[in-house]
Amino acid sequence: MDYPQNVESFFAKYYAHLVIYVSNIVKNDEDAHDIVQDVFVHILERQHSLQLAPALFFRSARNAALNHITAKRNQMKSSIDTVESTLVYSENVEENLEYAERMERIYRAIDSLPPKTKEILKKIYIDHHTYQEVADEMNIALNTVKSHMTMARNALRKYPGIYLFLIFLEWRQLFF
């Protein structure tokens, strides 16, 4: 194969192709440009003998794009990390994206609750407090905590996957 050995001509020849390739992976043109530029800089800084092979750049760009997706997914995590650890993690990128979308739906459903109900739900399921501990901590009656939990369950019932997830959390608290 006759590859351009001049850095500028190599960049001009392969940059657009790499951006399209990475954009198909990360689904964002700006991120794709940034990733490809970083790959060029990284490889050119580390290459002692200037062997510019496209395969090296495409493989590095693919790995950088997958690392970018992983970093984005990690940024989406919030205080529900303890809940997330109960779900199965997969090395498959598509499954990781589905997992991130599922967690985002859970976050949005919980965020749709009234503030006090959301706070009580998090204290019980995330912080593993008992109903009585939450009542004491918030200076409210035990029955008020129970009422908020009933309202939370009823509100989240319209999200079948999330409601089943809450049932799992309740079961887990009873036996573990």
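Student: Which residues of α1 are buried?
Tutor: This is a predicted model, in which local features need pLDDT of at least 70 and side-chain atom pairs count only at pLDDT 80 or more, whereas totals for chains, interfaces and linings use all residues. Residues are numbered from 1 along each chain as its sequence is written, and side-chain values use heavy atoms, with hydrogens and water left out. Buried means under 20% relative accessible area, exposed over 50% and partly exposed in between, with a 1.4 Å probe and protein chains only. In α1, a helix being a DSSP run of H or I with at least four residues, numbered from the N terminus, the buried residues are Phe-10, Tyr-14, Tyr-15, Leu-18, Val-19, Val-22, Ser-23 and Val-26.

Student: By about how many degrees does helix α1 bend at Tyr-14?
Tutor: The bend at a residue is the angle between axes fitted to the seven residues ending there and the seven starting there. For helix α1 (residues 7-26), this angle at Tyr-14 is about 40°.

Student: Which side chain meets Lys-123 in a salt bridge?
Tutor: A salt bridge requires a side-chain nitrogen of Lys or Arg within 4 Å of a carboxyl oxygen of Asp or Glu. For Lys-123, the N to O distance of 2.3 Å belongs to the pair with Glu-137. Lys-123 lies in helix α6 (residues 115-125) and its partner in helix α7 (residues 131-138), so the pair ties together parts 14 residues apart in sequence. Lys-123 counts as buried because its relative accessibility is 12%, and its salt-bridge partner is Glu-137.

Key:
Helices (H or I, at least four residues) and strands (E, at least two) are DSSP runs, numbered from the N terminus.
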